[in-house]
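Biologist: I am new to this structure and would like a close look at one part of it, the surroundings of the ligand. Please set that part in the context of the chain as you go.

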Amino acid sequence: MRGSSLLTLLMLMPAPVVHADDRAALVRLVRQDCGSCHGMTLKGGLGTPLTPQALREKPVESMAATILYGRAGTPMPAWKSMLSEADAEWIAGRLQEGFPEESR
Ligand code: HEC
C-alpha cells in the first residue's frame, strides 16, 4: 500500500518539462525583456552580465530564485507573475551554457 501511494504522489507532481513553443517564447522574453537591462547580447548593461563566464560558479537554484523573486535593493525585478519555477530554472540553466538565439 505504502509503495502505491508513493507512486501516486510521484505521478501528481508536475513534471519540470518546458515545451518547444514555450521555449521559443522564453528565449524571446529573455532576449527582449531581460536584454533591456542585461544588454541585448546579455553581456551586461544596467544589469550584470548573464554570460556563461559570469554565471559558471552560480547554482541554478539561486539564479532561478533571483529571476523569480528579484533582488531587493537593486533594479532586478521579480518575474514570478510571468514565469514558473521550471521556466526560471530552464532560463538559468541555459544562461549558464550560453543562451540560445531567437529562432524567428
Ligand atoms: C529593470 C532591469 C532588469 C531587468 C528587466 C532584468 N534584470 Fe536581472 N538583474 C538586474 C540587476 C541590476 C541585477 C544585479 C543585481 C545585483 O546587483 O545584485 C540583476 C541580476 C540578475 C541575475 C543574477 C546574476 C548574478 O550574477 O548573480 C540574474 C540571473 C538575472 N538578473 C536574470 C534576469 C532575467 C532572466 C531577466 C528576465 C526574465 C532579468 N534578469 C531582467 C536588472 C534587471
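Modeller: Read along the sequence, the protein chain of this predicted model follows the pattern α-α-α-α-α, with five helices and zero strands. Of its 104 residues, 15% are buried, and among the contacts that link residues at least 6 apart in sequence, 51% join residues at least 24 apart.

Turning to the part you asked about, there are 22 residues around the ligand, and those that come nearest are Cys34, Cys37, Gly47, Thr74 and Met76. Two helices, α2 (20-38) and α4 (60-69), each supply at least two residues of this shell, and α2 gives the most, with six residues. By character, the residues of the shell divide into 13 nonpolar, six polar and three charged.

Of these two helices, α4 also leads from the ligand to another contact within the chain, for α4 packs with helix α5 (residues 85-97) at an angle of about 120°, their axes lying 8 Å apart. An angle over 115 degrees but not over 145 falls outside both the roughly perpendicular and the roughly antiparallel ranges, and therefore α4 counts as oblique to α5. The crossing in which α4 passes α5 is right-handed. On the α4 side, Val60, Met63, Ala64, Ile67 and Leu68 take part, and they meet Glu85, Ala88, Glu89, Ile91, Ala92, Gly93 and Gln96 of α5. The residues of this contact divide into eight nonpolar, two polar and two charged.

Technical notes
Residues numbered from 1 in each chain as written. Predicted model: local features only at pLDDT ≥ 70, side-chain atom pairs only at ≥ 80, totals over all residues. Near = placed C-beta within 6 Å. Helix = DSSP H or I, 4+ residues; strand = E, 2+ residues; numbered from the N terminus. Nonpolar A, V, L, I, M, F, W, Y, C, P; charged D, E, K, R; others polar. Axes fitted to C-alpha atoms, helices over the stretch in contact; angles between N-to-C directions. Parallel < 35°, antiparallel > 145°, perpendicular 65-115°, else oblique. Left-handed = near helix turned anticlockwise from the far one by under 90°. Contact = placed C-beta atoms within 7 Å. Buried ≥ 20, exposed ≤ 12 C-beta atoms within 10 Å, placed from the backbone.
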